[in-house]
Amino acid sequence: MREIQDHFFREAKRKGYRSRAAFKLIEIDDRKHLLSKGDLVLDCGAAPGSWLEVASPRVGHRGRVLGVDLKPIDERGLPQNVQVIEGDVLACDVPGKLGDLADVVLSDMAPSTTGTPSADHFHSARLCDDLLDRLPGWLQRGGHCVMKVFEGEAYPDLLKRSGRMFEKSKGFKPKASRSSSVEIFMVCQGFRGPDPEGIEPDDPQQAPRKKPTGW
Ligand SMILES: C[S@@+](CC[C@H](N)C(=O)[O-])C[C@H]1O[C@@H](n2cnc3c(N)ncnc32)[C@H](O)[C@@H]1O
């Protein structure tokens with residue numbers, strides 16, 4: 001397995017990707033066909049930017065990719081259809097920055113790890129829950145979402161919740177994921193709307209979509 005990991009590391013260097021994480025999105029999208037030409041994509045937790053590099057050519061020059069991360073992302077060398085923002089994606093004005101609802105929301109977000117697996121798992125699951133809460137204001141109906149989560153006891157409920165919000169929702173472990181890693185990617189296809197078991201009548205995420213502002 002170590003050889004496979006070294007292989008992805010070498011391949012990332014050879015192909016000029018910023019990190020080996022690129023191969024996770026490549027495998028997910030090659031299998032599930034989530035990204036299409038012309039798509040508007042939101043990439044949550046995008047630093048250092050290899051998913052941006054993968055998504056950009058897949059959506060083409062008519063598409064756009066917005067990457068948000070707590071850490072700065074070096075914009076040098078990024079394609080023209082990519083825009084980046086430094087900040088907490090859960091706290092910033094995503095609809096205003098997107099200008100329209102996204103066709104695809106990607107999240108490779110990971111919390112800072114503490115070394116305590118159960119705490120890391122719950123932080124990661126919380127990030128996913130918070131992301132699911134925001135999807136009605138971020139994602140088109142029929143759109144897709146990929147979310148990384150550290151597997152653990154909250155995972156089955158998270159998968160059930162996403163299953164209520166999407167036509168299909170499944171866990172996927174790419175080969176480029178380290179075998180020792182507890183990460184798994186929830187691949188959610190065909191967004192239906194807010195979780196019917198969790199809507200507040202005055203939910204701000206139900207706010208009407210904003211007019212495109214262009215970039
Ligand atoms: C595994 S890295 C992402 C790698 C990236 N997909 C790539 O291919 O280069 C996880 C990132 O999630 C970011 N992150 C965690 N919580 C976040 C939040 N609330 N808002 C924005 N970014 C967040 C971290 O700063 C970290 O850079």
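User: How do the residues of the shell around the ligand divide into nonpolar, polar and charged?
Analyst: In this predicted model, the shell holds 9 nonpolar, 4 polar and 5 charged residues.

User: And how many residues surround the ligand, and which are the closest?
Analyst: The ligand is surrounded by 18 residues. Gly 49, Ser 50, Asp 69, Asp 88 and Asp 108 are the closest.

User: What does the side chain of Asp 69 do there, in terms of distance to an oxygen atom of the ligand?
Analyst: A side-chain N or O atom of Asp 69 is 2.6 Å from an oxygen atom of the ligand.

User: Which backbone atoms come in?
Analyst: Leu 70 places a backbone N or O atom 3.3 Å from a nitrogen atom of the ligand. In addition, a polar backbone atom of Ala 110 is 3.5 Å from a ligand oxygen atom.

User: How much of the ligand does the protein bury?
Analyst: The protein buries 88% of the 600 Å² that the ligand exposes when taken alone.

User: Which pocket does the ligand sit in?
Analyst: The ligand occupies the largest pocket.

User: Changing topic: how many aromatic pairs are there?
Analyst: The count comes to 4 aromatic pairs. One of them is formed by Phe 8 and Phe 23. Their rings are 5.4 Å apart, centre to centre, with 40 degrees between the planes.

User: What is that geometry called, then?
Analyst: The pair of Phe 8 and Phe 23 is tilted, because the class covers planes that are neither under 30 degrees nor over 60 degrees apart.

User: Where in the chain are those two?
Analyst: Phe 8 belongs to helix H1 (residues 2-15) and Phe 23 to helix H2 (residues 22-32). The two are 15 residues apart, and the pair links distant parts of the chain.

User: Now the backbone. Which peptide bond is cis?
Analyst: The bond from Ala 47 to Pro 48 is cis, with omega near 0 degrees. Pro 48 is in the loop between strand E1 (40-44) and helix H3 (50-59).

User: What about the phi of His 33?
Analyst: His 33 is not a glycine, yet its phi is positive, about 50 degrees. His 33 is located in the loop between H2 and E1.

Notes: Residues numbered from 1 in each chain as written. Predicted model: local features only at pLDDT ≥ 70, side-chain atom pairs only at ≥ 80, totals over all residues. Heavy atoms only, no water. Near = heavy atom within 4 Å. Polar contact = N/O pair within 3.5 Å; in protein donor to acceptor, adjacent residues only side chain to side chain. Areas by Shrake-Rupley, 256 points an atom, 1.4 Å probe, with all protein chains shown as cover. 1 Å grid on protein atoms, 1.4 Å probe; cavity = no way out; pocket = protein on both sides within 12 Å on 5 of 7 lines; lining within 4 Å. Sits in = over half its atoms within 2 Å of the grid points. Nonpolar A, V, L, I, M, F, W, Y, C, P; charged D, E, K, R; others polar. Phe/Tyr/Trp six-rings, centres within 6.5 Å; stacked < 30°, edge-to-face > 60°. Helix = DSSP H or I, 4+ residues; strand = E, 2+ residues; numbered from the N terminus.
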